[in-house]
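Please look over the sequence and the model below before reading on. The report that follows moves from a single contact to the chain as a whole.

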Amino acid sequence: MSSDQPKEMKAVWERTRELGRQLDAVNGRVETLEGQNLADRIQDLSLVVKKLAEKPKSDAPTVWNWKEFDPQQQANAWDVLMQWVEGTFRARWPRSYKEMLGYAERASSCWWQHPDMVESLTSLMWSHHWAFLDKEASPLRVAEWLGRWLPDAVRQGKFILEECKNDYSQGNGHKHDPFENKKISNDHGQLSQYLHMLRTGEVPS
């Protein structure tokens, strides 16, 4: 028996022990990876990536920019706004409706000829949607709308109409094309005519 054999066996033994330690380390890493549920995480990540790649789907309204609307878009926007103003705002909050639009002080109002009033009403309509109709609507949103956005809109409306307090039969000095200094005896009739003119292109947007 050669004297080199014990040395060779010792070397093989040391190598075997080293391989065993490396194998234990690999097994430990595998167990760690398995414990992290990588398959589930990869699936979740793929869903996130898919959602990011898709076109957003939301029932939340987009912001309206009245200034950028062409006449047909304005007419369509007016249809939506008036349906909400008369069907929801006036029906559910009649006192706020009258205070904001000027009907608490007089039977006729020029509210719809004021761009800032139209913007305020548009904001009130969409914040109402956010509070009551959005998929994440909640009692807290409703409370915020009732306690904050509605009273604030009423204050804005009263401020906007502050300089239009005279009766139309006496003239109120209202300056806004295309109805400058014109008596408005029937608000809805005049508005319908204005919308018709928008649709037919008889007046600029």
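A polar contact is a pair of N or O atoms within 3.5 Å, and within protein one of the two must be able to donate a hydrogen while the other must be able to accept it. In this predicted model, such a contact, with a length of 2.6 Å, joins the side chains of Gln 156 and Ser 120.

Gln 156 is a residue of helix α6, and because its relative accessible area is 33%, while buried means under 20% and exposed means over 50%, Gln 156 is described as partly exposed. Although Gln 156 and Leu 101 are separated by 55 residues in the sequence, their C-alpha atoms are 9.9 Å apart in space.

Leu 146 also has its place in helix α6, and its relative accessibility of 39% makes Leu 146 partly exposed as well. Together with Phe 132 and Leu 133, Leu 146 forms a nonpolar patch on the surface, and the accessible area of these three residues together is about 270 Å².

The table sets out the two residues of α6 that have been described.

| Residue | Helix | Relative accessible area |
|---|---|---|
| Leu 146 | α6 | 39% |
| Gln 156 | α6 | 33% |

Which residues of helix α4, which spans residues 94–101, are buried? They are Ser 96, Tyr 97, Met 100 and Leu 101. These buried residues lie on the same side of α4, because they cover an arc of only 110 degrees around the axis. An α-helix has 3.6 residues a turn, so residues three or four places apart point the same way.

Against which helices do the buried residues of α4 pack? Their partners are α3 (71–92), α5 (115–133) and α6 (139–160), the last of which is the helix that holds Leu 146 and Gln 156. Just after α4 comes Gly 102, which takes a positive phi of about 90 degrees.

It remains to place these details within the whole chain. The chain contains seven helices and zero strands, so that reading along the sequence gives the pattern α-α-α-α-α-α-α. Of the 205 residues in the chain, 30% are buried. When contacts with a separation of 6 or more are considered, 64% of them are accounted for by residues 24 or more positions apart in the chain. The chain exposes about 14300 Å², and carbon and sulfur atoms supply 53% of this area.

Note on methods
Residues numbered from 1 in each chain as written. Predicted model: local features only at pLDDT ≥ 70, side-chain atom pairs only at ≥ 80, totals over all residues. Heavy atoms only, no water. Helix = DSSP H or I, 4+ residues; strand = E, 2+ residues; numbered from the N terminus. Buried < 20%, exposed > 50% of the residue type's maximum accessible area, 1.4 Å probe, protein only. Contact = heavy atoms within 4.5 Å. Areas by Shrake-Rupley, 256 points an atom, 1.4 Å probe, with all protein chains shown as cover. Arc of directions from axis to C-beta. Patch = residues over 30% accessible without salt bridge, like charges linked within 9 Å, V, L, I, M, F, W, Y side chains within 5 Å. Salt bridge = Lys/Arg side-chain N within 4 Å of Asp/Glu carboxyl O.
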